[in-house]
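Q: I'd like to learn how to read charge pairs, buried helix faces and ring pairs from a set of coordinates. Can you walk me through an example?

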Amino acid sequence: MTELGSDTWPPAPITTERLVLRASEARDRAGFIELFASTEVGTYVGGARPRDELERAVPEVPGRRPGAFVVTLDDAMIGMVTLDPRGPDRLGHVRPEGGETELGYLFLPAAWGHGYAAEACTAVLDWFADARPDEPVVLSTQSANDRAMRLAAKLGFTEVERFEEYGAEQWFGVRSPAPRTA
C-alpha cells in the first residue's frame, strides 16, 4: 500500500456490535495523551512518553491521517487501530520491495480483556479487504507480548519469521487476502 488515497479516506464510521471506529476529532486529544503516557501501553512499544511532553506535542486533532481509526465505546475513545505502509528499510516483508500494509493497534488498559481489540481490528481488516481486496496485511509484535500474539492468531495472521529489532525478538506475520470466488 503506498497510501490510502482520498478516494477511500476517511471512510464512513465503521460500527460493530459495541464499537464505533472513525477518524480522529479534537475531542480525542485527551485520550491520545492518556494512551501514549500509559506505562502499561508502552511496555512493548518503546515505553511511555512524559505527559507534559505530550501536552505540548500532541496537535489539536491528533492522529488525523489516512489509515488511522479512533476506537470508541459509548462515545469515549478507548484506543486506535492503524493501517500503515511498512517501510522497505524495516526487517520483515512478504514482498521483495516492501511497502506492505501493516496493522497496528493500541488500547487503554481499562479496555483490555474485553475483546475490543479483536472486534476493532476485525472490522478494520474487513474494511481494508473491501477497499484493497488483493493486498496482504502484515503485523509485527514483540514475541514476548502474549496478548498480541494471541490476538494475531485470532485475527488469522500466520508467522513468516522472527528477528531482532528494537532490542527484542519480533514476531512477524501475514494475513493473506481471502481467495476470490468466481
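A: Sure, and let's begin with a definition: a salt bridge here is a side-chain nitrogen of Lys or Arg within 4 Å of a carboxyl oxygen of Asp or Glu. Keep in mind that this is a predicted model.

Q: What is the idea behind that rule, and how many salt bridges does it give?
A: In general, side chains of opposite charge can pair when their charged atoms come close. Here the rule yields 16 salt bridges.

Q: Which residue does Glu-53 pair with, and at what N to O distance?
A: Glu-53 meets Arg-49 in a salt bridge, at 2.9 Å from N to O. Glu-53 is partly exposed, with 30% relative accessibility, and Arg-49 is partly exposed too, at 38%.

Q: Where do Arg-56 and Asp-52 lie?
A: Both sit in helix 3, four residues apart, which is about one turn of the helix. They form a salt bridge whose closest N and O atoms are 3.8 Å apart; the cut-off is 4 Å, so the pair counts. Arg-56 is exposed, with a relative accessible area of 64%, while Asp-52 is partly exposed at 48%.

Q: Which parts does the salt bridge between Asp-75 and Arg-27 tie together?
A: Start with the contact: the two side chains meet at 3.0 Å, N to O. Asp-75 is in the loop between strand 3 and strand 4, and Arg-27 is in the loop between strand 2 (19-22) and helix 1, so the bridge links parts that are 48 residues apart in sequence. As for accessibility, Asp-75 is exposed at 54% and Arg-27 partly exposed at 46%.

Q: Which residues of helix 1 are buried?
A: For this one, look for residues under 20% relative accessible area. In helix 1 (residues 29-37), those are Gly-31, Phe-32, Ile-33, Leu-35 and Ala-37.

Q: And what covers the buried residues of helix 1?
A: The cover includes helix 2 (39-42) and helix 3 (51-57), along with strand 3 (68-73), strand 4 (76-85) and strand 5 (101-107).

Q: Last feature: how many aromatic pairs turn up in the whole structure?
A: The search finds three. One of them is Phe-163 with Phe-172, a tilted pair with 6.3 Å between the ring centres and 45 degrees between the planes.

Q: Are those two rings buried or exposed?
A: Phe-163 is buried, with a relative accessible area of 9%, and Phe-172 is buried at 0%.

Definitions and conventions: Residues are numbered from 1 along each chain as its sequence is written. This is a predicted model: local features need pLDDT of at least 70, side-chain atom pairs count only at pLDDT 80 or more; totals for chains, interfaces and linings use all residues. Side-chain values use heavy atoms; hydrogens and water are left out. Buried means under 20% relative accessible area, exposed over 50%, partly exposed in between (1.4 Å probe, protein chains only). Helices (H or I, at least four residues) and strands (E, at least two) are DSSP runs, numbered from the N terminus. Contact means heavy atoms within 4.5 Å. Rings of Phe, Tyr and Trp (its six-membered ring) pair if their centres lie within 6.5 Å; planes under 30 degrees apart count as stacked, over 60 as edge-to-face and the rest as tilted.
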